[in-house]
Amino acid sequence: MSERRLSSRPHQPSLAYRTRTLFREITKIRTIIAKLDNDISRFNEKATLANNTANSARERVRYLTQEITRRNQEETEGNFGNEYARSLRHYNDYTRTNPNDEEGIRSRYNESNRVHGTLAAYIQENITPLRVEAQSMLRTITRAQKKYTTLNEDIVTLTRQKDQLQNELDEMNSEYLSLTINENVARGKNQRRTRHKRGKKRKH
């Protein structure tokens, strides 16, 4: 009894098995790429929104700054401002020319303080809210810019991952096409061999 001769070559998976396995891997990578595309699209929308928020806040700050400047000029150079400057000048002049008239000095000092209080009340009512809003807008700009930067960094990372996977997918698609062609060729040979054997049997 002769011993069965064992092949030294390792077992090679069939073409059909390798093709099926590769197809499953291709399907997995396509699913991952599709998810990355969705994430990139979603992050792009968020980044656009953050950028728009920052731009809107900048426009608001620009308007508020101009309005604060206008109102300040209006009051310092307008009625309240002129009245306060005049009362302060009268107080200083009277103090210098009548240093011993305590009652007169006190009267002019009180008048100057009254006008100054009126001016301060106007600023508190009409200018301070604008300053507070401008500060809030500046904080909004900072937050939006930080969010925009973070989102763009994430987009770059996801895009890099997607490109790497796409390169792998292109290689696997090429390999899959080659395996499919080889499998079809092998199937055609087997079919011809089978028909040939059947033809021999009919002749006998």
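Among the elements of this predicted chain, helix H4 (residues 128-203) has the lowest mean pLDDT, 82, and helix H1 the highest, 92; pLDDT is the predictor's confidence in each residue, on a scale from 0 to 100. Over residues 1-11 the pLDDT is below 50, and this stretch has 0 contacts in the model beyond near neighbours in sequence, a contact being heavy atoms within 4.5 Å. For the chain, the mean pLDDT is 83, and 82% of the residues reach 70 or more.

The model is a prediction, in which local features need pLDDT of at least 70 and side-chain atom pairs count only at pLDDT 80 or more, whereas totals for chains, interfaces and linings use all residues. Residues are numbered from 1 along each chain as its sequence is written, and side-chain values use heavy atoms, with hydrogens and water left out.

**Architecture**

The chain holds 4 helices and 0 strands, in the order α-α-α-α from the N terminus. Helices (H or I, at least four residues) and strands (E, at least two) are DSSP runs, numbered from the N terminus. Of the contacts between residues at least 6 apart in sequence, 87% join residues at least 24 apart. The chain exposes about 15600 Å², of which carbon and sulfur atoms supply 50%; accessible areas come from the Shrake-Rupley method with a 1.4 Å probe, and for residues only the protein chains shown count as cover. Of the 204 residues, 22% count as buried. Buried means under 20% relative accessible area, exposed over 50%, and partly exposed in between (1.4 Å probe, protein chains only).

**Helices H2 and H3**

The expected span of a helix is 1.5 Å times one less than its number of residues. The table sets out the spans between end C-alpha atoms.

| Helix | Number of residues | Span in the model | Expected span |
|---|---|---|---|
| H2 | 19 residues | 27 Å | 27 Å |
| H3 (102-126) | 25 residues | 36 Å | 36 Å |

For H3, the distance between the end C-alpha atoms agrees with the expected span. The buried residues of H2 are Gly81, Ser87 and Tyr94, and they pack against H1 and H3. In H3, the residues Gly104, Ile105, Ser112, Val115, Leu119 and Tyr122 are buried. The cover over the buried residues of H3 includes helix H1 (15-76) and helix H2 (79-97).

Serine 112 belongs to H3. This serine counts as buried because its relative accessibility is 4%. Leaving aside residues up to four places away in sequence, serine 112 touches Tyr84, Ser87 and Leu88; Ser87 is itself one of the buried residues of H2.

**Two partly exposed residues**

Threonine 69 is located in helix H1 and has a relative accessible area of 40%, so this residue is partly exposed. Its side chain reaches the backbone oxygen of threonine 65 at 2.9 Å. That distance can be read against the polar contact criterion: a pair of N or O atoms within 3.5 Å, where, within protein, one must be able to donate a hydrogen and the other to accept it, and residues adjacent in sequence count only if both atoms are side-chain atoms. The C-alpha atom of threonine 69 is separated by 9.2 Å from that of isoleucine 127, 58 residues apart along the chain.

Valine 156 lies in helix H4. With a relative accessible area of 45%, valine 156 is partly exposed. Valine 156 and isoleucine 40 are 116 residues apart along the chain, and their C-alpha atoms are separated by 8.8 Å.
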